[in-house]
Amino acid sequence: LITFNLYFHINYKCEYGYSIYVIGNSKSLGAWKPEKAIRLNWSEGHNWQKNVLLTLENQTNIQFKFIIAPSDDSSNPSSIIWERGPNSILNLKT
């Protein structure tokens, strides 16, 4: 079992009422369930960021994507826009 902080940051302008979330393969990142995705904090200049405490058990990598979803509800699949391309992967060495 390992626990650590991971800093996520993306610069992106999305429509009013929408936010950027991070979602991934670990339970700490919602286990690919949009309703459990982590909402990033917005700051001036359309910067979205968040420190996330990750707890991993028996994992050798973290896979994640950014999604755009309504600020008040990330659970409606029809309103979610997923980051294009392959998953981002962070390989962990013990």
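How much accessible surface does the protein have, and what percentage of that surface belongs to carbon and sulfur atoms? Show the surface of the whole protein in your viewer, and keep in mind that this is a predicted model: the accessible surface comes to about 6200 Å², and 49% of it belongs to carbon and sulfur atoms.

Next, switch to a cartoon view and follow the chain from the N terminus, where you will meet the elements in the order β-β-β-β-β-β-β-β, which amounts to eight strands and zero helices.

Now display the C-alpha atoms and turn the model along its principal axes, where these atoms fill a box of roughly 40 × 30 × 25 Å. The radius of gyration of the protein is 13 Å, which agrees with the value near 12 Å that a compact globule of 94 residues would have.

Colour the residues by burial, and you will find that 34% of the 94 residues are buried. If you then look at contacts between residues at least 6 apart in sequence, 67% of these contacts join residues at least 24 apart.

Select the charged residues as a further stop: there are 9 positive and 7 negative charges in the protein, and the mean positions of the two groups lie 7 Å apart.

Finally, select Ser26, which sits in the loop between strand E2 (18-24) and strand E3 (38-39). Ser26 has a relative accessible area of 0%, and it therefore counts as buried, since the cut-off for that word is under 20%. Leaving aside its neighbours within four places in sequence, Ser26 is in contact with Ala31, Leu54, Leu56 and Gln59, so add these residues to your selection to see what surrounds the serine.

Conventions. Residues numbered from 1 in each chain as written. Predicted model: local features only at pLDDT ≥ 70, side-chain atom pairs only at ≥ 80, totals over all residues. Heavy atoms only, no water. Helix = DSSP H or I, 4+ residues; strand = E, 2+ residues; numbered from the N terminus. Rg over C-alpha atoms; globule rule 2.2 N^0.38 Å. Buried < 20%, exposed > 50% of the residue type's maximum accessible area, 1.4 Å probe, protein only. Contact = heavy atoms within 4.5 Å. Areas by Shrake-Rupley, 256 points an atom, 1.4 Å probe, with all protein chains shown as cover. Lys, Arg positive; Asp, Glu negative; His and termini not counted. Charge placed at Lys NZ, Arg CZ, Asp CG, Glu CD.
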